[in-house]
Amino acid sequence: MMADWESDRDRVVTVAGLIAPEAPGIAVAVREAADRDHADRDEDHDCKWHLAQAQAELVGGVGDAGLLGWFYYQDDYKDVREVLRAVPTFPQDLSWDWYEPFLAERAPYEHDTFGAIERFLELIGERCFEIGTTVAALENVTDNYALVFVPADRAEALTALGSDVVRVVRLGCWTGLHSDPQPH
């Protein structure tokens, strides 16, 4: 059980290093949170509980560093767009030519489901990837989304770490829809 826990902890620490290599203190704090929480628990506890503190430290550290877009799943598309655009690592050259047609397509359905915001985020993620940026969603225990933007060459490494820690956001990652309804 110890080896599984250490492996899980190390995955979260690795995510911190891939997302914020310029802020190594985040990875250190993530490891310390995991180790501290693990020391306070007995061996009968599920090791995934130990990740909760490390993941909370990861989200908090990346947020404190200003590298995180954080929003609720029912937030308006416009508000989500502004939150993401305010993240310093957001690709400023991202084209939004698909945005208005997407809003028109979604208008009859309002913005009332996880699927709607997830489709919106998948479209952003796909377009970001095309211009060299990976959108990654950090796992957290809320109905909020915690998104970061990193160079696209880190996508494979992030994907290998598992969706229980981080998810590369591209077409189909949540919705299973791999087609892009908006030409670009």
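Q: Buried means under 20% relative accessible area. Why does Tyr 99 count as buried in this predicted model?

A: The model is a predicted one. Tyr 99 has a relative accessibility of 5%. The limit is under 20%, so Tyr 99, at 5%, counts as buried.

Q: In which helix is Tyr 99, and what is Tyr 99 in contact with beyond its neighbours within four places in sequence?

A: Tyr 99 belongs to helix α5. Leaving aside those neighbours, Tyr 77, Lys 78, Arg 81 and Phe 120 are in contact with Tyr 99. Contact requires heavy atoms within 4.5 Å. A separate value concerns C-alpha atoms: those of Tyr 99 and Ile 124 are separated by 9.3 Å, and the two residues are 25 residues apart along the chain.

Q: What makes the buried residues of α5 lie on the same side of the helix?

A: The buried residues of α5, which spans residues 99-106, are Tyr 99, Phe 102 and Arg 106. They cover an arc of only 60° around the axis, and therefore they sit on the same side of α5. The exposed residues Glu 100 and Ala 104 are carried by the face turned away from that buried side.

Q: Why is Gln 55 called buried?

A: Gln 55 is part of helix α3, residues 47-64. The relative accessible area of Gln 55 is 11%. Buried requires a value under 20%, so Gln 55 is buried. Not counting residues up to four places away in sequence, Gln 55 touches Val 12, Glu 139, Asp 164 and Val 165.

Q: Is Glu 126 buried or exposed, and why?

A: Glu 126 has 13% relative accessibility. Exposed would need over 50%, whereas buried needs under 20%; Glu 126 therefore counts as buried. The place of this residue is in helix α6. Val 169, Arg 170 and Leu 171 are touched by Glu 126, with residues up to four places away in sequence not counted.

Q: Why is Ala 160 given the label it has, buried or exposed?

A: Ala 160 has a relative accessible area of 65%. A residue is exposed over 50%, so Ala 160 is exposed. Ala 160 is in helix α7, residues 155-160. The C-alpha atoms of Ala 160 and Arg 11 are separated by 9.3 Å, with the residues 149 residues apart along the chain.

Q: How do you know that β3 is largely enclosed by the rest of the structure?

A: The strand has 8 residues, and 7 of them are buried, so β3 is largely enclosed.

Q: What makes β1 and β3 a pair of strands?

A: Two strands pair if there are at least two bridges between them. β1 and β3 are joined by 4 bridges, so the condition is met. They run antiparallel. Phe 71 stands opposite Tyr 145 in β3, and Tyr 72 stands opposite Asn 144 in β3. In β1, residues 69-72, the covered face holds Gly 69 and Phe 71, and the uncovered face holds Trp 70 and Tyr 72.

Q: How do you know that β2 and β3 pair?

A: The required number is at least two bridges, and 5 bridges join β2 to β3, so the strands pair. They run antiparallel. Thr 133 is opposite Pro 151 in β3. β2 and β3 form a hairpin, with 5 residues between them.

Q: What lines the largest pocket, and how do those residues divide?

A: The largest pocket holds about 210 Å³ of space. Of its 15 lining residues, the closest to the centre are Leu 138, Glu 139, Asn 144, Tyr 145 and Trp 174. At least two lining residues each come from α6 (114-130), β2 (133-138), β3 (144-151) and β4 (166-168). β3 gives the largest share, 3 residues. The lining divides into 7 nonpolar, 4 polar and 4 charged residues.

Q: How many helices and strands does the protein chain have, and what pattern does the chain follow?

A: The protein chain has 7 helices and 4 strands. Along the sequence the pattern is α-α-α-β-α-α-α-β-β-α-β. The chain has 184 residues, of which 46% count as buried. Among contacts with a separation of 6 or more, 68% are between residues 24 or more positions apart.

Notes:
Residues numbered from 1 in each chain as written. Predicted model: local features only at pLDDT ≥ 70, side-chain atom pairs only at ≥ 80, totals over all residues. Heavy atoms only, no water. 1 Å grid on protein atoms, 1.4 Å probe; cavity = no way out; pocket = protein on both sides within 12 Å on 5 of 7 lines; lining within 4 Å. Points joined across faces, edges and corners; volume = space filled by probe spheres on them. Nonpolar A, V, L, I, M, F, W, Y, C, P; charged D, E, K, R; others polar. Buried < 20%, exposed > 50% of the residue type's maximum accessible area, 1.4 Å probe, protein only. Arc of directions from axis to C-beta.
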